[in-house]
Amino acid sequence: MAFERPHILQMHGYVPGEQVNAQSVVKLNTNENPYPPSDAVQRALDAIDISDLRRYPPATATPFREAAAAHLGVSADNIIPTNGGDELLRLVMTTFVDPMETIAVTAPTYSLYPVLAEIQNSSLIEIGLKEDWSMPDDFASKLNQVGAKLAILVNPHAPTGMCLSADYLASVASQFKGVLLVDEAYIDFVDPQLQHNAIPLIEEFQNIIFLRTMSKGYSLAGLRFGYGVGPQSLIHPMMYKTRDSYNTDHIAQKLATAALLTSVDAAKNWAKIRQSRELLAQQLKQLGIKSIPSQTNFLLCEIPESVGAQQLYEALKLRNILVRYFDQDRLRDKLRITIGTDAENAKLLQAVSELI
Ligand SMILES: *Cc1c(COP(=O)(O)O)cnc(C)c1O
């Protein structure tokens, strides 16, 4: 006898990349930051007074919202803090999409979106990226044709690492009749020379909202802290109606605030990761493994057929090196490899050169 609702009974859950703790494992499979968070985060943790945990945390996380607002040049009313970026995804669906309405994503995309849409019991439409991974023609019209209430774009894109311009996002937001959620989980790794900043679009459009996370750029995946940035028309209903009243805890708020206030420290890691990314891409290419230029902290690598992506994934795993293989259309000949420290990248390269 199953008590689950029928659509829950039928669904498969999200399968995260393997998490291991062994020091000996080179973990390049879940796009974590290889460097520790800023010292200010350690100090904020040391300063926690556990007797403060008797009380509920500040319900609206105002110090964090103010730090995030200052960081982005918006108002605190444009920010909603969440328990990881993933909670924002769920909140957006709960708040703006009825079950049986349609959510649209690209294919491929972040593999959590379809799972959340299933939980919501909404229908999901996947619109395929073109052969060169660029956006399908007339994307906004396609969204309107299928009557999508919500469209989710990950930008820079996972798993390709490509970045859409703010102008392109503006053109979609202006034509699309539903809510456009732009998932900026990897935004911190974008090359500063691109001068990419899409956040000001929240002043221009009532239907665009951005996801940010402390997990990747700020080395705090274990903390579970993210936030949404959008016009008040989108932030307000989630902030004051649909989220759990205490969705982020006292310790997480303090640490996330300390991290954002010292983003100059994190920015040094972003620069280092960008440098390592270009170097690793070059070195892999010399071994015959091509990747698309990436604006993230990972590379989507094309594995020669003679080697086989799944085979290489398994062989690396036997050597305690974890990368991500997706058993999915268009990705079965590829591996997604997170940029690690110099030492980790060297171990990866050494192993790959021996295996191919
Ligand atoms: C990591 C990630 C997130 C958010 O992760 P959290 O750890 O929940 O903040 C959202 N979208 C994409 C594409 C990601 O890779």
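A polar contact is a pair of N or O atoms within 3.5 Å. The legends below describe close-up views of a predicted model.

**View 1. Polar contacts between serine 215, threonine 213, arginine 224 and the ligand.** A polar atom in the side chain of serine 215 is placed 2.7 Å from a ligand oxygen. Threonine 213 brings a polar side-chain atom to 2.5 Å from an oxygen atom of the ligand. For arginine 224, the distance from a polar side-chain atom to a ligand oxygen is 2.7 Å. On its own the ligand has 380 Å² of accessible area, of which 94% is covered by the protein.

**View 2. Surroundings of the ligand.** The residues around the ligand include Gly84, Gly85, Asp86, Tyr110 and Val154. Also among them are Asp183, Ala185, Tyr186 and Lys216, together with Thr213, Ser215 and Arg224, the three residues whose polar contacts are described in View 1. The largest pocket is the space that the ligand takes.

**View 3. The ring cluster of Tyr14, Tyr110 and Tyr113.** The model contains eight aromatic pairs. One of them joins tyrosine 110 to tyrosine 113 in an edge-to-face arrangement, with 5.3 Å from centre to centre and 85° between the planes. This pair counts as edge-to-face because the angle is over 60 degrees. Ring pairs also bring Tyr14 into a cluster with Tyr110 and Tyr113. Tyrosine 113 counts as buried because its relative accessibility is 0%, whereas tyrosine 110, at 22%, is classed as partly exposed. Tyr110 is also one of the residues that surround the ligand.

**View 4. Arginine 330 over the ring of tryptophan 133.** The charged end of arginine 330 is positioned over the tryptophan 133 ring. Its distance from the ring centre is 4.3 Å.

**View 5. Arginine 336 over the ring of phenylalanine 298.** Here the ring belongs to phenylalanine 298, and the charged end of arginine 336 sits over it. The distance to the centre of the phenylalanine 298 ring is 5.6 Å.

Note on methods. Residues numbered from 1 in each chain as written. Predicted model: local features only at pLDDT ≥ 70, side-chain atom pairs only at ≥ 80, totals over all residues. Heavy atoms only, no water. Phe/Tyr/Trp six-rings, centres within 6.5 Å; stacked < 30°, edge-to-face > 60°. Buried < 20%, exposed > 50% of the residue type's maximum accessible area, 1.4 Å probe, protein only. Lys NZ or Arg CZ within 6 Å of the ring centre and 35° of its normal. Near = heavy atom within 4 Å. Polar contact = N/O pair within 3.5 Å; in protein donor to acceptor, adjacent residues only side chain to side chain. Areas by Shrake-Rupley, 256 points an atom, 1.4 Å probe, with all protein chains shown as cover. 1 Å grid on protein atoms, 1.4 Å probe; cavity = no way out; pocket = protein on both sides within 12 Å on 5 of 7 lines; lining within 4 Å. Sits in = over half its atoms within 2 Å of the grid points.
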